[in-house]
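Trainee: Got a minute? I'd like to walk through this one with you.
Mentor: Sure. Load it up and ask away.

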Amino acid sequence: ESGYHTCLGETRVIAGNHPGITHAAHRKYIPRHVAEYFNAGHHWTVIYELAAGRPKKAEQEDPEAAFGLLMPDATPKPGYFALKDLIALLSESKWDAKAGRWIRPAPFPTRALTFALRGATESVHHTLLQRSDGSFQLLLWNEVPSIDLRAQKDIRNTPIPVRLVLHDPAARITVSRLGPDAPPPSQFESVREIDLAVPDEVIVVGIRLAKPLRPAPLAPPADIEVKASPSSVELSWPVRKGADAYWVSLNQRNCGPAQRGPDGKARFRMSGLLPAMTYPFEIVAVSRDGGVSVPAKVSASTVDASPDLVVLNLKTIPESPKEGETVTFVAVVENRGNAATDSGVAVGVKFGVDGKTVCWSDSFRGPLAPGQKVELKPNNGPGGKSSWVMTRGCHRVTAYVDDVNRIAEIHEGNNGRTIPVGTGDGPDLVIPAVTVQEARQGKPLVVDVTVANAGSDAVPKGSRVSASVFGIDEKRPRLLGYAISREGIPAGGKLTLTVKCASGLEPGKHKLQAVADDVNRIPELDETNNRAEFEVDVGTTAETQGDAPAK
């Protein structure tokens, strides 16, 4: 169940964020959508939805009223007619009024069609279908954006000139467009080649060959060998007599043809797989005269090993930048896993300052072997900038490796490293005093934490200044509660935050720790002096303790 909505002014839908598109883009995308999903192995795609789910709302008022092929008032959108035309061109089912059901054609043997699309770019996609009478329907389109989502305007894409060349001559070729304004179909008689202009919407090329295909029997591939790595699989087998090509699929998704080598073997390689997984492949042999073998099935399991990328070191050039200086970041990345990264896959690093991405590195292409290190510098960024200009104050510089998850790793949570960079000016949070308001058995612990700014710059109003209380009796600190203020703290100033802990403590003495800005929201001159330890004696009656000295 999938689709598009046409509410341009809103992206929030029930399932998350989903930008709206124009009616013109909707008309193009709906047929492309079902064809792409068919190629991906989804033989049943439900378009969400036929009619508007909230008919009492206006189309531009609510995205849930704009998903329909019909408007809220039941007026058909152009995409409705495009899908209707596609169904009319492809469907062979007929309605039997007496039986009250659809009658489908009897099963029939499928054939291979040998053709070329000369001049086609990588963005020209196709879906090839066959009818029960032996004719073919070739869906063609240019898979590029048809709308600028940011500007909310349609894009006028120039059609791609393509020459369709058939191995066997056709008695007739019919080219049909879809939608309410589609021109009449074009027809070509007794041809082997025709010129096409492939637009960014589906055109349907009907092909009826001059002579029926009568191929000789074709044997499926045999003696298939499997070689696997943690993230790739390679299949190979001897090329059999009569086979002109082999096509590979995974879970009914067409993965493309195998390559024939000089050693008389066919090979197919797929990368970007997950380790320790089993992948079921099917391989069919095809011949130029239309032969298609039964599929050969083989399961291939990837190796149980993965890389593990960490930022071993992060530095700036110059090492102590001054205000106004251009800063270059350098990250040393190490693979601590037990498998190399894939060859040709970028080992990317995102560099950020105070939580904002300023540049990145994506020029290094693997493999990066276990134990191997590589030094990476930014080569691009927002607006094409690969560096950052130092500003006054203290900052947190972060490097995060594999930020867009190109690589499956053993651990995904150890990819970042942060260092402080400053000009000597900035805030510096410390805890000069802690006051326990209430520490009684069976009652929540209430603590006043004084947070002072010992730095030279203010913490601006609106910044989230936090104070957290941890129990440190055990081996690992346990968070008991926290409080947040957005009042800001001037240089030399202070504020008091009241922390109401979620649960009480057992009677007796306990060691606790108060921490200011424990999640590092605020860049500081010194990130190591934000803590203060104190003790609390929980009694069976109300007890109040005075100021506890900061440690």
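Mentor: First, a cut-off: a disulfide is a pair of cysteine sulfur atoms within 2.5 Å. Also keep in mind that this is a predicted model.

Trainee: Okay. How many disulfides does the structure hold?
Mentor: Zero.

Trainee: Take cysteine 394. Why is there no bond to cysteine 359?
Mentor: Because the two sulfurs are 19 Å apart, too far for a bond. Cysteine 359 holds the closest cysteine sulfur to that of cysteine 394.

Trainee: Is cysteine 394 buried or exposed?
Mentor: Buried, at a relative accessible area of 8%.

Trainee: Which strand covers residues 394-401?
Mentor: That's β27. Six of its eight residues are buried, so β27 is largely enclosed by the rest of the structure.

Trainee: What sheet is β27 in?
Mentor: An open one of four strands, ordered β24-β23-β27-β28. The pairing is antiparallel.

Trainee: Which strands sit at the edges?
Mentor: β24 (356-361) and β28 (416-422). Each pairs on one side only.

Trainee: And what does the twist average?
Mentor: 20° from one strand to the next.

Trainee: How many bridges are there between β23 and β27?
Mentor: Five, with β23 spanning residues 349-353. Phenylalanine 351 stands opposite alanine 399 there.

Trainee: How many join β27 to β28?
Mentor: Seven, again antiparallel. In that pair, tyrosine 400 faces glycine 416 of β28.

Trainee: What about the loop between β27 and β28? Is asparagine 415 buried or exposed?
Mentor: Asparagine 415 lies in that loop. Its relative accessibility is 1%, so asparagine 415 counts as buried.

Trainee: Which side chain does asparagine 415 make a polar contact with?
Mentor: Glutamate 409, at 2.8 Å. Beyond residues up to four places away, asparagine 415 touches Leu309, Val311, Ala399, Tyr400, Val401, Asp402 and Glu409.

Trainee: Switching to cores. Which residues touch the most other members in the largest nonpolar core?
Mentor: Leu445, Val449, Val451 and Val469, out of 29 residues. Several strands supply at least two residues each to this core, including β29 (429-438), β30 (446-453) and β35 (531-538).

Trainee: What is valine 451 in contact with?
Mentor: Among its contacts beyond four places in sequence are Leu429, Val430, Val465, Ala467 and Ile489. The list also has Leu495, Leu497 and Ala516.

Trainee: What about another core? How many residues does it have?
Mentor: 25, and it lies apart from the largest one. Among its members are Val327, Cys359, Phe364 and Val401.

Trainee: Next, β13 and β17. What sheet are they in?
Mentor: An open antiparallel sheet of four strands, in the order β13-β14-β18-β17. β13 (225-228) and β17 (259-260) stand at the edges with a single partner strand each, so one side of each is left without a neighbour in the sheet.

Trainee: How many bridges join β14 to β18?
Mentor: Six, between residues 233-238 and residues 265-270. Valine 233 stands opposite methionine 270 there.

Trainee: New topic: aspartate 168. Where does it lie?
Mentor: In strand β10, residues 160-176. Aspartate 168 counts as partly exposed, at 25% relative accessibility.

Trainee: What's around it?
Mentor: Leaving aside neighbours within four places in sequence, aspartate 168 contacts Arg192, Leu209, Leu213 and Arg288. Its side chain also makes a polar contact of 3.4 Å with the side chain of histidine 167.

Trainee: Now the backbone oddities. What's the usual case?
Mentor: Most residues other than glycine have a negative phi, and most peptide bonds are trans.

Trainee: Which bond at proline 318 is cis?
Mentor: The peptide bond from isoleucine 317 to proline 318, with omega near 0°. Proline 318 lies in the loop between β21 (309-317) and β22 (326-335). A cis bond also joins tyrosine 48 and glutamate 49, with omega about 5°. Glutamate 49 is in the loop between α1 (23-39) and α2 (78-90).

Trainee: What is the phi of alanine 74?
Mentor: Positive, about 75°. Alanine 74 is found in the loop between α1 and α2. Alanine 74 is partly exposed, at 47% relative accessible area.

Trainee: And glutamine 252: buried or exposed?
Mentor: Exposed, at 53%. Glutamine 252 has a positive phi of about 70° and sits in the loop between β15 (245-250) and β16 (253-257).

Terms used. Residues numbered from 1 in each chain as written. Predicted model: local features only at pLDDT ≥ 70, side-chain atom pairs only at ≥ 80, totals over all residues. Heavy atoms only, no water. Core = buried A, V, L, I, M, F, W, Y, C linked by side-chain atoms within 4.5 Å. Buried < 20%, exposed > 50% of the residue type's maximum accessible area, 1.4 Å probe, protein only. Contact = heavy atoms within 4.5 Å. Pairing = 2+ DSSP bridges. Axes fitted to C-alpha atoms, helices over the stretch in contact; angles between N-to-C directions. Polar contact = N/O pair within 3.5 Å; in protein donor to acceptor, adjacent residues only side chain to side chain.
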